[in-house]
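Me: I should like to go through this model with you and ask, term by term, what each description rests on.

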There are 2 protein chains.
Amino acid sequence: MIIDTVPDLAAIRNAAGRISCWGHRTPVLTCESLDRMTRAQQLFFKCENFQKTGAFKFRGATNAVFSLPEESAMRGVATHSSGNHAQALALAARNRGIDAYVVMPSNSAAPKKAAVAEYGARIIECEPTLEARELTLEKVVNRTGATFIHPYDDYHIIAGQATAAMEFLEEVRDLDVLIAPVGGGGLLSGTALAAHYLSGQARVIASEPRGADDAYQSLEQGRIIPSINPCTIADGLLTSLGKLNFRIIQEFVERIVRVTEEGIVQAMRAVWERMKMIIEPSAAVPLAALLEQAVDLEGMRVGIIVSGGNVDLEQLPWM
Amino acid sequence: MIIDTVPDLAAIRNAAGRISCWGHRTPVLTCESLDRMTRAQQLFFKCENFQKTGAFKFRGATNAVFSLPEESAMRGVATHSSGNHAQALALAARNRGIDAYVVMPSNSAAPKKAAVAEYGARIIECEPTLEARELTLEKVVNRTGATFIHPYDDYHIIAGQATAAMEFLEEVRDLDVLIAPVGGGGLLSGTALAAHYLSGQARVIASEPRGADDAYQSLEQGRIIPSINPCTIADGLLTSLGKLNFRIIQEFVERIVRVTEEGIVQAMRAVWERMKMIIEPSAAVPLAALLEQAVDLEGMRVGIIVSGGNVDLEQLPWM
C-alpha cells in the first residue's frame, strides 16, 4: 500500500513545527466579486504568495533543510533551479546557518539571480540545458559534500508543502474542494495527503496549462509522461512529475483539468484587480479552471491554493 | 473641550458593529525585508487595500449609510467624488438597498466610472471644476432628497475610518507608532481617535506628499490652509483638510512629515515586490516617510495603515 510509505500525518505535523519558526502563517482571503464570476458558492484563497520568498516552496525547503542531520547539514545543500525553489532553499539554508549552492542556467533572468544571491546562496552558472544543469550539480555535490535537495521528488519537500493545505483546512471548515496547480507535483501531492488525513469531504483537483499538460497525460495513461517542450506563461509548471509525487497523485487526486493561456492571463489579472494581490501566472491556473468552467463546482465551497507571487513587474502579460 | 464633541469610543464600537456585517476584517502582514530597509524594529501593515472596494473608505461610507434614519435613507445618498469614496458609498448604499447618486467630473478615468457603475450607483456627469461638482450635487440633492455624505468632514465617516486602527491595535499589542497618510483627514482623524482611546502609548504620525502638503502647512500655521494646485502621484491626497478632521488632528496627531514623489514610487514598488500586494500611490506615502527617514523611528514597532489598492494596471509609475 502506498499509504505505508508516504509521509504520514505526524510527518506533516512535524514539518509544520519546523516551518512555524521561520515562515508566515499565510492569510486566507475571500472575494465576492470573484465568487460571482464563477458558479461556486464561495472561493477561499490560501495566500502562499505572501509566504517568505513569495511562494509555498519555502515550506518544503525549510522542512528539508531542518530535517537534515547536523553532520550532513554542515556541508550545505544544493539544487538546480531557476525559480522559486532556489530562493526558498537559499533562505532556508541561511536560516539554518549553512551554505546553499544553486546551479542556474546562464540565461536566467537577472532578477531571479539577484533574488537567490540576496538570500546568500552561492550561484554556479551553467549552460541552459537540463544535461548541463544535472552535470554541474553533480560536480558541485561531489566537490562540497552538499546534500542535493530535489525541488519536489522528496518526501520532506512533500510533507512541507502539505502544511499549506493543513493550515487551510484548519482555518476553513467544510471545504468541498481543494484546487492546486501542478508542475512537478510537490504542492499537489502534499495537498492531497493533507486533505486525505484531515478532511472527510474535501476532494482534491489539480489544474494545469494545456500547453504543459504532462500531468494530465500521465494520469490518463497511468505512467509518467515527461514534459517535452512545454509552452505556457505559467513558468512554474514546466517540469515533469516526480515519481514520489505521481504515486500520491494517482492515489489521492480526483482529476486534473486543463486551462488555456488566455484563461491564465485573465484569471491572473482578475486577482490583481479584484483582490489587490500579486500572483504569478502559475498561481492563476486554478482560478482559470473555474472561470473557464473546465470543472463545474456549482454551489461548492472551493479552496484555492495561491502558489506564489514572483513576477517581473516590468513585464506584465496584459501590457 | 474638543473631546466632548468628537466621536467617543462607543461611537467607534457602534461603527465597528455596523461594518462587521459588510466589510472584511483585513489582515495585518509583516515583511522582514522591508524591516531591514528601515531603522524600525518591525513594521506591521494593516491591509485596507484588501477591504471591500479596495480601500478603507468602505468603512466610513458603511457607517454613514447605516446610521441614517430609515426615512432619510429611503431617499438615497449622494456625493461628488472621482475616487474611492464614490465606490465605497455606492456599495454601502447597495448593501442597504437604497440609491446612491455620484457626481463625477466628465474627465474621470473610464475604469473609475465603470467601478462606481458596477456597484449600482447612478452617475451624474459634470464639468471638471469644483464649482460645477458642488452645484451639480446641490441640484441632485434638491431633486431627490438624497442625503449628502461628505467623504471625510463628517463624524460618522470619521468613526467608521477609526475602526481600521481599532482592529489594528486589538491585533498587534504594543505598537509604538501608527502612521497614516493624510488627504482630507478622515482616515488620520479616525486613527488618532482610536489610538487615543485604545492605546496608552501609540503616537500617531501622518505622512503627506511634499507636492500636496496643505495638512503640514495647516498644522504649522494653526488654521486650515487650502490645498491649491496640489501636484502628486498620490491622487487620493489632493483634497484640503476638513474642519472636523483638522480639530481632531490638531489635538491628537503628533506631527506630519513630508515625502518626495520619487520616495512614494519607490515605496509603492517596494511593497509590490516584497509583499506581493497591490497598493496605490497614496497608500505608499507612510512607508516612503520611513524609507526617506523623514521621521526617525529607530527600534520601534511601527503600524502602517495601508489605505488602498486601486490603481490602473495599464499605467504603472515605474514603466
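Reply: The mean pLDDT of chain A (the predictor's confidence in each residue, from 0 to 100) is 96, and 99% of the residues of chain A reach 70 or more. This is a predicted model, in which local features need pLDDT of at least 70 and side-chain atom pairs count only at pLDDT 80 or more, while totals for chains, interfaces and linings use all residues. Residues are numbered from 1 along each chain as its sequence is written, and chains are lettered from A and ligands numbered from 1 in the order in which they are written. The model scores ipTM 0.94 and pTM 0.95.

Me: Why are the two copies described as related by a two-fold rotation axis?

Reply: Chain A is superposed on chain B by a rotation of 180 degrees with 0.0 Å of shift along its axis, at an RMSD of 0.0 Å, where the fit is by least squares on the C-alpha atoms of residues with pLDDT of at least 70 in both copies. The two copies are thus related as by a two-fold rotation axis. Of the residues of chain A, A:M277 comes closest to the rotation axis, its C-alpha lying at 2.2 Å.

Me: What makes up the side of chain A that touches chain B?

Reply: Contact requires that the C-beta atoms of two residues, placed from the backbone, lie within 7 Å, and the contact takes 15 residues from chain A and 15 residues from chain B. Helix α12 (residues 261-275) of chain A gives the largest share of the chain A side, three residues; helices here are DSSP runs of H or I with at least four residues, strands are runs of E with at least two, and both are numbered from the N terminus. The chain A side divides into eight nonpolar, three polar and four charged residues, with Ala, Val, Leu, Ile, Met, Phe, Trp, Tyr, Cys and Pro counted as nonpolar, Asp, Glu, Lys and Arg as charged, and the others, Gly among them, as polar.

Me: Why are β5 and β6 of chain A said to stand at the edges?

Reply: Four strands of chain A form an open sheet in the order β5-β4-β3-β6, with parallel pairing. Strands β5 (122-126) and β6 (147-148) of chain A each have a single partner strand, so one side of each is left without a neighbour in the sheet.

Me: How do you know that β3 of chain A pairs with β6(A)?

Reply: Pairing requires that DSSP find at least two bridges between two strands, and two bridges join strand β3 (residues 77-80) of chain A to β6(A), the strands running parallel. A:V77 stands opposite A:T147 in β6(A).
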